[in-house]
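This report describes how two helices cross, what encloses the internal space, and how two annotated spans appear in the model.

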Amino acid sequence: MPPLSQSVSEQLKASLHQARMDLLETVRGRTESPDDEAPRIGPLAHQGQSDDAPQAEMLSHNEQHLADHETALLHEIDVAIGKLEAGGAGICESCGRDIPEARLLATPTVRLCIECQQELEHDRHIGRGPSM
Ligand SMILES: [Zn+2]
């Protein structure tokens, strides 16, 4: 039995893809000025670089401008999408129990159940000292 219902799975997938697009859009907005619409590549520039995949190039170009936390977030999103497609979403990576659907919907990239998350944060706080 799959841990997630079809509708929850669809919602998660949609919000993950949306989050991914938003993230790339943010990066694009930061790295390209709005009045830079004119193509910088002249018609002759295409000669010699035949049929490289332009989309892949664009993506790697964008990813070069990702800040560290954005790279991490993008990775989280990709991992979550991958798990969703592989049917492994909604399962705590630490203890293997089901993650409540409400928690998943609130944070689609979540990988731990509440208890494991709290334990992790508790450990971090001890390591770092009190933060509140
Ligand atoms: Zn857990």
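Helix 1 passes helix 3 in a left-handed crossing, meaning that the near helix is turned anticlockwise from the far one by less than a right angle. The model is predicted: local features need pLDDT of at least 70, side-chain atom pairs count only at pLDDT 80 or more, and totals for chains, interfaces and linings use all residues. Residues are numbered from 1 along each chain as its sequence is written, and side-chain values use heavy atoms, without hydrogens and water.

The axes of helix 1 and helix 3 are 10 Å apart and pack at an angle of about 155°. Helix 1 is therefore roughly antiparallel to helix 3 (angles over 145 degrees, taken from 0 to 180 degrees between N-to-C directions). Helices here are DSSP runs of H or I with at least four residues, and strands are E runs of at least two.

One cavity of 30 Å³ or more is counted; a cavity is a set of points on a 1 Å grid over the protein atoms alone where a 1.4 Å probe fits but cannot get out, and lining residues have an atom within 4 Å of a point. The largest cavity holds about 70 Å³ of space, a volume being the space filled by probe spheres set on the points. Helix 1 (6-31) and helix 3 (68-86) each supply at least two residues of its lining, and helix 3 gives the largest share, three residues. Among the lining residues are Leu12, Leu16, Leu84 and Arg111. By class, the lining has eight nonpolar, two polar and two charged residues.

Two spans are listed by UniProt in an unreviewed entry, where annotations may be inferred rather than shown by experiment.

| UniProt feature | Residues | Helix | Strand | End C-alpha distance |
|---|---|---|---|---|
| domain: Zinc finger DksA/TraR C4-type | 89-122 | 44% | 0% | 24 Å |
| zinc finger region: dksA C4-type | 92-116 | 36% | 0% | 8 Å |

Definitions and conventions
1 Å grid on protein atoms, 1.4 Å probe; cavity = no way out; pocket = protein on both sides within 12 Å on 5 of 7 lines; lining within 4 Å. Nonpolar A, V, L, I, M, F, W, Y, C, P; charged D, E, K, R; others polar. Parallel < 35°, antiparallel > 145°, perpendicular 65-115°, else oblique.
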